[in-house]
Protein chains: 2
Amino acid sequence: MPASRIRLFPLLDRIVSADQAASLVEDGMVVGMSGFTRAGDAKAVPLAMARRAQLDPFKITLVTGASLGKDVDRVLTEAHVLARRMPFQSDPTLRAAINRGEVMFIDQHLSETVEHLRSGQLGPMDYAIIEAAAITEDCGIVPTTSVGNSASFAILAKKLIIEINLGQPAELEGLHDIYIPTKRPTREPIPVVSCDSRIGLSSVQVDPAKIAAIVVTRQSDSPAVLDAPDAETNAIASHLIRFFGREVAEGRLDLSLNPLQAGIGNIANAVLAGLADGPFHSLRMYSEVLQDSTFDLLDTGKLLFASGSSITLSAAYAERIFGDINRYKDRLVLRPQEISNHPEVIRRLGIIAINTALEFDIYGNVNSTHVNGTQMVNGIGGSGDFARNAYLSIFVTKSLAKGGAISSVVPMVSHVDHTEHDVDILVTDVGLADLRELAPRERARAIIANCVHRSYRAQLNNYFERALVLGGHTPHVLGEALSWHLRRQTTGTMMDSANLEEN
Amino acid sequence: MPASRIRLFPLLDRIVSADQAASLVEDGMVVGMSGFTRAGDAKAVPLAMARRAQLDPFKITLVTGASLGKDVDRVLTEAHVLARRMPFQSDPTLRAAINRGEVMFIDQHLSETVEHLRSGQLGPMDYAIIEAAAITEDCGIVPTTSVGNSASFAILAKKLIIEINLGQPAELEGLHDIYIPTKRPTREPIPVVSCDSRIGLSSVQVDPAKIAAIVVTRQSDSPAVLDAPDAETNAIASHLIRFFGREVAEGRLDLSLNPLQAGIGNIANAVLAGLADGPFHSLRMYSEVLQDSTFDLLDTGKLLFASGSSITLSAAYAERIFGDINRYKDRLVLRPQEISNHPEVIRRLGIIAINTALEFDIYGNVNSTHVNGTQMVNGIGGSGDFARNAYLSIFVTKSLAKGGAISSVVPMVSHVDHTEHDVDILVTDVGLADLRELAPRERARAIIANCVHRSYRAQLNNYFERALVLGGHTPHVLGEALSWHLRRQTTGTMMDSANLEEN
């Protein structure tokens with residue numbers, strides 16, 4: 001191992017195997033792990049914990065930044081190691097266990113978890129297992145491709161296990177900006193005043209006595225898997241780009257827009273690609289996850305700077321970008337998710353937030369998490385941190401799912417993650433509804449006219465017109481408000497019989 | 001009129017009658033008015049506008065801080081002057097017009113309205129009609145018993161009408177702290193770092209050329225009307241005081257607690273009264289509305305300082321407090337509602353936020369605004385600004401309404417204003433549920449055990465047990481989720497027939 005990776009030499013004695021490190025974790029412990037959207041997660045010790053549990057069953061509360069690489073949550077779930085899990089996940093095996101009620105999942109705003117830990121509402125945390133690119137001479141832990149909650153976990157946990165990952169480029173050092181807010185109620189303002197503000201240190205300072213074990217690994221992050229863009233994602237992007245153009249024409253924004261946040265996935269990638277082609281320039285991002293499209297936009301020169309909490313790339317992009325990270329380093333910063341998602345900073349910078357909805361209703365309430373109001377998909381993630389405090393809160397989704405059996409626009413969402421108060425703009429492949437300063441009845445007309453797929457438009461309009469007869473500020477036919485979800489469960493489609501005949 | 005009230009003498013020429021001032025407002029205009037929870041509202045010109053509309057019909061968009069004195073919204077509604085109204089109201093006549101769909105009501109987080117105005121998403125604003133205690137030599141408008149949105153309205157409106165109210169004590173001058181955030185995306189941190197931070201000026205600086213008219217009035221604010229405390233409000237207060245005691249015992253808070261926000265009404269008053277009797281001391285408030293109980297707590301010496309956006313008192317308290325306001329002035333500050341409710345400051349100070357729910361469900365989602373999901377009551381007000389960003393987000397309500405025909409704890413709320421992610425503690429007269437770090441199934445058991453009235457407990461538990469059989473992270477019997485509301489509409493009570501037989 002290169003000496004540059006553990007520069008506080010007495011720590012070399014703490015290098016152990018993953019199995020030895022895993023044996024330190026005891027039943028009932030609260031364990032923090034690095035990892036945010038597959039990036040920078042601990043890779044060896046969690047799998048060793050799962051192996052150990054086959055012979056020596058034990059259960060933990062696992063707290064991370066966000067989702068982990070694709071095997072960790074699966075393997076830990078299959079080994080029955082997870083009693084409790086927070087604040088986000090995206091693994092199919094874990095998701096199924098959550099929905100069976102076997103794992104207690106606490107679905108939190110991503111900016112809030114470490115506040116709860118710091119104030120003693122969560123924890124105490126027994127171990128933090130953190131992937132690092134290096135440990136400095138003064139016991140600074142240098143994160144890898146994400147910061148997530150790693151800094152506060154490392155500071156607040158009783159003991160640390162560090163995975164030094166030689167597969168992560170040493171050049172990541174210097175990319176991170178580690179700033180931890182002071183204690184409440186005597187906290188000072190967080191001094192981020194622009195996307196490129198650097199306000200902290202490049203590593204996480206910890207007491208070397210807390211480091212219980214060091215494990216050396218060489219494994220890359222799990223690559224992001226993106227579906228190819230399609231007609232619908234391109235249509236959504238193009239509606240949104242036209243909307244930005246109108247905002248510029250009306251003098252509310254200039255061509256550099258306001259700092260952008262884009263949720264993870266294809267639609268966000270399509271929007272960023274669309275920005276590359278338009279008249280916009282001198283763009284900046286203040287986001288959570290930096291994806292392939294962020295680097296494309298940096299390459300065009302249209303994006304000047306990107307702030308995030310992780311870099312999550314497809315395999316091809318990972319090879320190219322991490323092989324040449326110095327080329328991008330002065331235009332990037334990775335921050336703790338508490339800072340990338342902090343309400344204070346998001347409100348101050350006037351962020352344009354673009355996030356994906358699972359479904360939304362005629363009044364603009366958004367469901368990001370629950371199929372049929374009951375089955376968890378991934379969790380709210382950072383969407384609430386951004387949507388609530390953004391200058392413009394935009395939600396996007398395809399108008400149809402499951403080949404048309406599901407309309408993403410419904411009379412009433414079956415679960416609310418973002419209320420009408422926090423949703424300014426809705427976009428589907430059909431079009432864009434600008435809900436700003438509209439009352440609920442006006443919102444409904446804008447959404448039905450612009451967002452719902454034509455195969456459901458008459459059916460939705462019929463619902464709304466009958467609701468209007470019953471009256472109210474937010475008219476509903478309460479006995480039918482969730483009937484579309486129930487019909488899908490019983491008949492396989494949200495379409496009512498009259499509509500089915502026509503379509 | 002005392003010369004001290006208009007100290008920029010050329011403005012004396014602009015004094016006109018209320019009817020003359022009202023004639024300036026034209027059909028289709030956007031009009032801002034001072035006023036926050038009945039305090040400091042414009043009193044003469046709005047009524048003159050209503051009189052004028054009888055002969056000369058016209059309609060406006062009316063934007064205020066929050067609710068107005070009890071006659072203004074009623075009279076304007078009856079005169080059909082209101083086309084659009086935002087961001088809050090609490091008048092029965094206006095409420096009925098909103099629910100009939102005659103007035104388009106935009107129900108907004110109270111911290112956000114002036115952001116929309118400043119960025120051109122709302123407006124432009126043609127007139128601002130602002131009550132003032134005085135106009136200074138350098139054309140500073142001195143607000144009266146509220147700041148609300150008055151400062152930004154005065155700065156951003158094209159023209160101003162000032163009501164100098166001689167009935168408001170001249171000694172209010174010096175009470176206000178007027179700070180306007182700089183423009184986004186280049187905004188600086190808001191420098192409030194404690195409840196007593198003073199960061200601005202004592203008046204709103206405007207260009208004298210913008211003042212189109214001055215009207216002299218002498219009318220007091222409408223007094224707050226509080227029901228007497230009863231067994232239920234006292235029980236809620238006592239559960240909450242015991243909870244604070246436990247938090248202190250567990251070392252998460254000390255006896256000075258964190259800064260307190262309390263929503264308007266009897267329950268908040270009962271909680272503050274409870275704090276006066278307990279072991280707590282050196283308390284501070286960072287709230288919206290300062291009510292009778294705030295002054296009682298200041299009088300005991302337990303409350304050191306109170307920051308708000310308005311002072312709304314009962315008739316007896318108003319006479320006593322405003323007759324002797326100098327006694328309190330160094331322990332009070334009134335701020336723009338954008339600052340009293342700012343996410344940045346609320347998160348920084350670690351506020352304990354206590355707000356009232358209309359109903360909540362077994363997973364902790366809160367409805368603050370809509371009866372049966374359709375009929376607006378008042379609006380979300382500042383509850384979302386506080387609940388989302390608080391250190392502890394607490395919602396309180398009586399367990400029963402309408403003599404037991406309504407349970408405030410239901411399977412699924414009919415409208416969501418605060419999602420499960422934003423609700424830490426729920427309290428009814430029955431007890432307190434601590435939802436922190438609990439998964440939905442655990443939240444449901446805590447809520448059913450601690451918050452629901454015994455007359456509905458078996459019925460709610462029956463729902464939850466049947467939902468568990470169907471499974472999911474957030475189990476529901478979707479076809480019955482809103483059945484309690486429907487049953488109330490059709491049978492007059494939420495009780496099902498089995499339950500009715502037993503009770």
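This passage describes the interface between chain A and chain B and then turns to the cysteines.

The model is a predicted one, and the contact between the two chains is a good place to begin. Chain A contributes 81 residues to this contact, and chain B likewise contributes 81 residues. The size of an interface is often expressed as the accessible area lost when the parts come together. Here, about 6,600 Å² is buried between chain A and chain B, with carbon and sulfur atoms giving 51% of that area. Within chain A, the residues that lose the most area to chain B are A:Arg347, A:Arg388 and A:Glu437; together they make up 14% of what that side buries.

Polar and charged pairings also appear across the interface of chain A and chain B. The rule finds 44 residue pairs in polar contact, both residues being at pLDDT 80 or more, and it finds 6 salt bridges. In one salt bridge, the side chain of A:Arg84 meets that of B:Glu442, with an N to O distance of 2.6 Å. On the side of chain A that touches chain B, helix α12 (residues 343-349) gives the most, with 5 residues. Sorted by class, that side of chain A has 31 polar, 27 nonpolar and 23 charged residues.

As for the cysteines, the structure holds 0 disulfides over all chains. Two cysteines illustrate their surroundings: A:Cys195 has a relative accessible area of 5% and is therefore buried, the cut-off being under 20%. B:Cys451 also counts as buried, because its relative accessibility is 0%.

Methods: Residues are numbered from 1 along each chain as its sequence is written. Chains are lettered from A and ligands numbered from 1 in the order in which they are written. This is a predicted model: local features need pLDDT of at least 70, side-chain atom pairs count only at pLDDT 80 or more; totals for chains, interfaces and linings use all residues. Side-chain values use heavy atoms; hydrogens and water are left out. Contact means heavy atoms within 4.5 Å. Buried area is the accessible area (1.4 Å probe) that two parts lose on being put together, summed over both. A salt bridge is a side-chain nitrogen of Lys or Arg within 4 Å of a carboxyl oxygen of Asp or Glu. A polar contact is a pair of N or O atoms within 3.5 Å; within protein, one must be able to donate a hydrogen and the other to accept it, and residues adjacent in sequence count only if both atoms are side-chain atoms. Helices (H or I, at least four residues) and strands (E, at least two) are DSSP runs, numbered from the N terminus. Ala, Val, Leu, Ile, Met, Phe, Trp, Tyr, Cys and Pro count as nonpolar, Asp, Glu, Lys and Arg as charged, and the others, Gly among them, as polar. A disulfide is a pair of cysteine sulfur atoms within 2.5 Å. Buried means under 20% relative accessible area, exposed over 50%, partly exposed in between (1.4 Å probe, protein chains only).
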